[in-house]
Amino acid sequence: MPNIYNDKILILDFGSQYSQLIARRIRDIGVYCELLPYDVSSHFIEKFKPNGIILSGGPDTVSQTNSARAPDIVFKLNVPLLGICYGMQTMAVQLGGDARSAEKAEYGFAQIRARNHSSLLNNISDEINPDGHGLLDVWMSHGIEVTKLPPEFKVIASTNNCEIAGFENPKKQYYGLQFHPEVTHTKQGIQILEQFVTHICQCEKNWTAENIIDELIEKIKYQVGNKKVLLGLSGGVDSSVVATLLHQTIGEQLTCVFVDNGLLRLNEGDEVMNTFAENMGLKVIRSNAQQQFYKALSNENDPEMKRKIIGRAFIEVFDHEAQKFKDIKFLAQGTIYPDVIESAGAASGKAKVIKSHHNVGGLPENMKFELVEPLKELFKDEVRTIGMKLGLPEKMLYRHPFPGPGLGVRILGEVNEDYADILRHADHIYLEELNKHDLYNKVDQAFAVFLPVKSVGVTGDERRYDYVIALRAVETFDFMTARWARLPHDFLDHVSNRIMNEISRVSRVVYDISGKPPATIEWE
Ligand code: XMP
């Protein structure tokens, strides 16, 4: 079995919105990489032994004092470097060149001309101009540019507005690109990154789904031995993949607890039990705690308090179920790599908490479990690929995200069973129609929201005075910003009619046309 960590790339994060994307691209190419803050210790970098280092973009202005710098160690390790945008600029400044405000800032598409046959861009082009230079369509985003090359560097790419859009020091194998190869707008971006990672850094492509699964199985066996493991199964992608992986590795040693909190989508509890307990033979305990959650939530209107109550109630129920097993040593969790990156960001104060996202964390101290977190090095798309290989249904792996507090944050204000039932029904109609019309996969998240206000309507000769359902659908890349989906009017008309005809307690349906920012995706 190849060692999947043998060849690896370190990405130092200067805070660009695309940093995680760089890491995902490198992984897709088939090479392991880690993303760490640019100021991680030199000791760590040395110990990590990367085959190459990428310096990401970032929001700082390189010409300002106190702007971020790459740690000196990266220039001493004798490994190839690739600076992207800010990463290129700081490399220039740190190695004796200069970078200043561009005469003409460039944001968006640009065409660069590859020059001097660098090993980074060699044989990569979208078209060739009459002089034989390769031309590349790229995504630029910069107001600063390198204005003076450091000694021993030469230009490898230019645009009409930016003379030094790429540079290299071939002897040292240092490269810089002013544009972003990691975004799909740069058509040959992946090829450029692949050339860096495989040809220049000489990494072998061992990071494949099969090898990752083999490695995870070995690690789990080593950590767990013959001890027992408990898992909170939510039916979401991450916990489902952990459950399947553990089941296939340690079989009967795994017990799952599935808490039905009364805030799930229609039939969700039964579907989870069907997939895991009946079809796959996992030991799953279903805890029907609906009433406990409704009771805890009664009279509470505040969204953040509601999240806390739901989180606390989950822990109580889970704890209660766990008490029934005296000999369990491990608690498995579906933590994934972005959680690890983001909690590092939160710990260093770099991330702002807008909503306290409740995950199955923070279990009480007295639950003396050791954690098993097999997915904590993986991005979501890697988790999905592994899930597919393990045989999980595609429908389950490619579902829209569903928040931990579930319908609790989609029923505005106070939550009760009656409201939850109405919302479940409306949401089901909406999702069913999205699927039928082949629209589900064209949006990134879609759901219904219950508004506890009454509005007047008319059915036949009768006046109705009932609740309002809002429909939301968004297109987003990272859920940090989102655009409301332009669903066809006829489709919305059809869904709205079905909801009002089939649910007697709804007299009006509205469509949410708010972008994020300033609105958030969920209504609470
Ligand atoms: P917002 O509403 O912050 O949502 O724009 C961004 C993404 O996060 C999900 N979300 C949550 N997920 N617990 C979760 O596990 C939460 O409390 C929570 N609140 C929002 C939301 O569904 C969207 O995908």
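## Exercises on a predicted model

The crossing of helices α6 and α11 is left-handed. The structure is a predicted model, and the exercises below start from this helix pair.

**Exercise 1.** Classify the orientation of α6 relative to α11, and list the residues that make the contact.

*Solution.*
Step 1. Take the geometry: the axes of α6 (residues 237-250) and α11 (residues 380-389) come within 10 Å and cross at roughly 45 degrees.
Step 2. Apply the cut-offs: angles under 35 degrees count as roughly parallel, and 65 to 115 as roughly perpendicular. The crossing of roughly 45 degrees fits neither class, and α6 and α11 are therefore oblique to each other.
Step 3. List the contact: α6 contributes Val237, Asp238 and Val241, while α11 contributes Lys380, Val383, Arg384, Ile386 and Gly387.
Step 4. Sort by class: four residues of this contact are nonpolar, one is polar and three are charged.

**Exercise 2.** Describe the largest nonpolar core and the surroundings of isoleucine 469.

*Solution.*
Step 1. The largest nonpolar core holds 49 residues, and those touching the most other members are Tyr430, Leu434, Ile469, Leu471, Leu487 and Ile499.
Step 2. Helix α13 (residues 417-436) supplies the largest share of this core, nine residues.
Step 3. Leave aside the neighbours of isoleucine 469 within four places in sequence; its contacts then include Leu423, Ala426, Phe450, Ile499 and Val510, as well as Arg508.
Step 4. Another core, of 40 residues, lies apart from the largest one, with Leu245, Val272, Phe276 and Leu378 among its members.

**Exercise 3.** Decide whether serine 56 is buried or exposed, and find what surrounds this residue.

*Solution.*
Step 1. Locate serine 56: the residue sits in the loop between β3 (52-55) and β4 (81-84).
Step 2. Its relative accessible area is 0%, so serine 56 is buried.
Step 3. Beyond four places in sequence, serine 56 is in contact with residues including Leu12, Asp13, Phe14, Gly15 and Ser16, and also with Ile84, Tyr86 and Gly87.

**Exercise 4.** Determine how many residues of α3 are buried, and which strands they pack against.

*Solution.*
Step 1. Count: seven of the nine residues of α3 (86-94) are buried, which leaves the helix mostly covered.
Step 2. Name them: Tyr86, Gly87, Met88, Gln89, Thr90, Met91 and Ala92.
Step 3. Find the partners: these buried residues pack against β3, β4, β5 (98-114), β7, β9 (166-169) and β10 (174-177).
Step 4. Check the end of the helix: just after α3, glycine 96 has a positive phi of about 100 degrees.

**Exercise 5.** Compare the backbone and burial of cysteine 85 and glutamate 152.

*Solution.*
Step 1. Cysteine 85 is not a glycine, yet its phi is positive, at about 55 degrees. Glutamate 152 also has a positive phi, near 70 degrees.
Step 2. Cysteine 85 belongs to the loop between β4 and α3, whereas glutamate 152 belongs to the loop between β7 (134-148) and β8 (154-158).
Step 3. With 7% relative accessibility cysteine 85 counts as buried, while glutamate 152, at 55% relative accessible area, is exposed.

**Exercise 6.** Identify the cis peptide bonds around proline 517.

*Solution.*
Step 1. The bond from lysine 516 to proline 517 is cis, with omega near -15 degrees.
Step 2. The bond joining proline 517 and proline 518 is cis too, with omega about 5 degrees.
Step 3. Place the prolines: proline 517 lies in the segment after β19 (506-511), and so does proline 518.

How values were computed
Residues numbered from 1 in each chain as written. Predicted model: local features only at pLDDT ≥ 70, side-chain atom pairs only at ≥ 80, totals over all residues. Heavy atoms only, no water. Axes fitted to C-alpha atoms, helices over the stretch in contact; angles between N-to-C directions. Helix = DSSP H or I, 4+ residues; strand = E, 2+ residues; numbered from the N terminus. Parallel < 35°, antiparallel > 145°, perpendicular 65-115°, else oblique. Left-handed = near helix turned anticlockwise from the far one by under 90°. Contact = heavy atoms within 4.5 Å. Nonpolar A, V, L, I, M, F, W, Y, C, P; charged D, E, K, R; others polar. Core = buried A, V, L, I, M, F, W, Y, C linked by side-chain atoms within 4.5 Å. Buried < 20%, exposed > 50% of the residue type's maximum accessible area, 1.4 Å probe, protein only.
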